[in-house]
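Trainee: I have this one open on my screen and would like to talk it through before I draw anything. Could we go over it in questions and answers?

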Amino acid sequence: MLLSTLTQENSVLNAQQLAQLQQLAAQLNPIQQAWVSGYLAATSQLTGQSLTAAQPQAGQSLTIVYGSQTGNAKALAQSLSQSAQSKGFTAELISAADYKVQRLKKETHLIVIVSTHGEGEPPEDAEALHQFIFGKKAPKLDTLNFAVLGLGDSSYEFFCQTGKDFDTQLEKLGAKRLFDRVDLDVDYETQANQWSTDILERLEPELKNAQQGQVPQANVIPLTPRNAYSKTQPYTAKLIAAQKITGRDSNKDVRHIEIDLEGSGIHYQPGDSLGVWFSNDEQLVAQLLSALGIDPQSEVQFDDNAISIREALINHYELTQLHPGFVTTYAELTGNDELTELAQDKAALRAYIDERQVIDVVLQNPAKLDATQFITALRKLTPRLYSIASSQQEVEEEVHLTVGVVGYEAFGQDHLGGASGFLGRRLQEDDSVRVYIEPNNNFRLPEDDSVPVIMIGPGTGIAPFRAFLQHRDNNGADGKNWLFFGNPHFAQDFLYQTELLDFKKRGVLTRLDVAFSRDQAQKVYVQDRLLENAQAVYQWLQDGAHIYICGDGNKMAKDVHLALLQIVKSQGQLDDEQAEQYLTDLRTNKRLQKDVY
């Protein structure tokens, strides 16, 4: 029910309350009304409970800390917290980004659920805690009992490395391991549910007895509106547009994607991501089944339902992201000695899968399999997350993305990325796409609109900063905005050029520094532009600026980090350790935030 349609007859409010509510509703636009509705829905579920982070009580208590890059670790932690509270435990759920490290020595029972990002690195929200436990100030933890669940992707060399780091280091600091660490791959749900059941059974006798007579504390729930849709229950939206925004001669195919959310009630904030469920290319599926000699109508089981293998491969299994497990299983099923030998050499296997998709393995190692056999070698399809490139204050019931289509030629045929090819090439106007919002509370504009911000976003990393600028423009924010953008060529790759120049002309964008790396003999990148403006960058930071980095996490983000270190070291007259601490303090105070991939 819309706030504006309430009457005394259908309301449970008294006349004064109703008048106050109607007065407020008259001042709100539809987006703001949706926010208020979500807020009220959240608070109604917390009647009698605290709406702020619960403080740990004396004695035995359970703290669940999560570090999450894509939302999976957070979702598992939330589920575990709810299960713990249903058993009567005093359980506190908290993001690693919000965890006060001084508390660590006072904890009695700690569960860490953490993903691994990039090449064995902690997710952004867990960086400070990870750094602390390995630092000089880490305390002895002789009274701590702990367990760790790690999430990762076995396609990467340092599979679940962050979980391993927390597990080994907590033990080194004197903590007692309650349960052996579990390292889970992309298909983690079943094993994660079993682990949660096992760990709570292990804890129940100890914690339940210790907590008798205590009132279970509230789950830590942020005061943000709740969307009705999620990863497991996505919203079926319509594609409005998929416009190419790189030039004809560019070696990149970047698409501006617009998706219609009208009537969904979906709310998002600048910094959030959009989860996109996609379908695989039907022609690719046909080619694959033909090569394997499988009838497309052969039935397989998926989630206890019998469906055709054609449908399973189009909608339910990964075909474009090759992983080591496929090569190993395919080698076993086909008796292929060469693949079996390859699977035993991790370095060689990783190089092999970096260049290939599932179709390449099958075509280069032909064999005949039945439908059920082949399915056992595949991983279930997972949605892709894209940084949202719009502010809802600007576009209302739409959501925009900036998608680089992954495309390359290899082994005599064209290859496309699963989700990027779906969004950028195969979807047509008005076609359906299933989506949901993945909130990112660790990539947020400052609440004070007068605070200056520095945004560093080369390539498709520009996406959230388009949202930031739209949002600040619509708010009439008076804080200064400085954008660093880079790409290969000015003429071909200046994404959102017209919009950015308009922001600059109108004063929304205070400074715009660009780095087109291939337009001159010597390559120039965003980190070079930062160093060229070292004095001004440092002065902005000294004036309280928040700094944001979005884009490639393997190289760009690391190079930018080194440039920032050099800037604060030289401009602030700091040594190496002091410069690192300066950036750590920025991150701890949420003045340095990253959205990297």
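**Cavity, pocket, cores and odd spots**

Trainee: What is the volume of the largest cavity?

Mentor: Remember that this is a predicted model, where local features need pLDDT of at least 70, side-chain atom pairs count only at pLDDT 80 or more, and totals for chains, interfaces and linings use all residues. Residues are numbered from 1 along each chain as its sequence is written, and side-chain values use heavy atoms, with hydrogens and water left out. A cavity is a set of points, on a 1 Å grid over the protein atoms alone, where a 1.4 Å probe fits but cannot get out; grid points are joined across faces, edges and corners, and the volume is the space filled by probe spheres set on the points. For the largest cavity that comes to about 50 Å³.

Trainee: How many nonpolar, polar and charged residues are in the lining of the largest cavity?

Mentor: Lining residues have an atom within 4 Å of a point, and here they are Val65, Tyr99, Leu104, Leu110, Val112, Leu129, Ile133, Phe166 and Leu170. Strand 3 (109-115), helix 4 and helix 5 (161-172) each supply at least two of them; helices (H or I, at least four residues) and strands (E, at least two) are DSSP runs numbered from the N terminus. Count Ala, Val, Leu, Ile, Met, Phe, Trp, Tyr, Cys and Pro as nonpolar, Asp, Glu, Lys and Arg as charged, and the others, Gly among them, as polar. The split is then nine nonpolar, no polar and no charged.

Trainee: Which element gives the most to the lining of the second largest pocket?

Mentor: A pocket is an open set of points with protein on both sides within 12 Å along at least five of seven lines, and this one has a volume of about 1000 Å³. Its lining has 31 residues, with Ala128, Phe132, Gln581, Thr584 and Thr588 the closest to the centre. Two or more lining residues come from each of helix 4 (127-133), helix 22 (576-588) and strand 21 (592-596). With seven residues, the top contributor is helix 22.

Trainee: How many charged residues does that pocket lining hold?

Mentor: Start with the other classes: the lining of the second largest pocket has 10 nonpolar and eight polar residues. The charged residues number 13.

Trainee: Which helix supplies the largest share of the largest nonpolar core?

Mentor: A nonpolar core is a set of buried Ala, Val, Leu, Ile, Met, Phe, Trp, Tyr and Cys residues joined through side-chain atoms within 4.5 Å, and the largest has 36 residues, with Leu288, Phe326 and Phe374 among those with the most contacts inside it. Elements giving two or more residues include helix 7 (282-292), helix 9 (324-334) and helix 13 (371-376). Five residues, the largest share, come from helix 7.

Trainee: Which residues does Phe326 touch, leaving out those up to four places away in sequence?

Mentor: Phe326 is among the residues with the most contacts inside that core. Counting contact as heavy atoms within 4.5 Å, its partners are Val358, Val361, Val362, Phe374, Ala377 and Leu378.

Trainee: Is Pro270 buried or exposed?

Mentor: Pro270 is in the loop between strand 8 (254-260) and strand 9 (273-277), where it touches Phe443, Arg444, Ala467, Phe468 and His471, not counting residues up to four places away in sequence. Arg466 is 196 residues away in sequence but 9.0 Å in space, C-alpha to C-alpha. Buried means under 20% relative accessible area, exposed over 50% and partly exposed in between (1.4 Å probe, protein chains only). At 10%, Pro270 is therefore buried.

Trainee: How many disulfides does the structure hold?

Mentor: Cys160 is buried at 1% relative accessible area, and Cys550 is buried at 0%. A disulfide is a pair of cysteine sulfur atoms within 2.5 Å. The count of these is zero.

Trainee: What is the phi of Tyr496?

Mentor: Most residues other than glycine have a negative phi. Tyr496 is in the loop between helix 17 (490-493) and helix 18 (497-505), and it is buried, with a relative accessible area of 8%. Its phi is positive, at about 55°.

Trainee: Where is Lys590 found?

Mentor: Lys590 also has a positive phi, near 60°. It is partly exposed, with a relative accessible area of 30%. Its place is the loop between helix 22 and strand 21.
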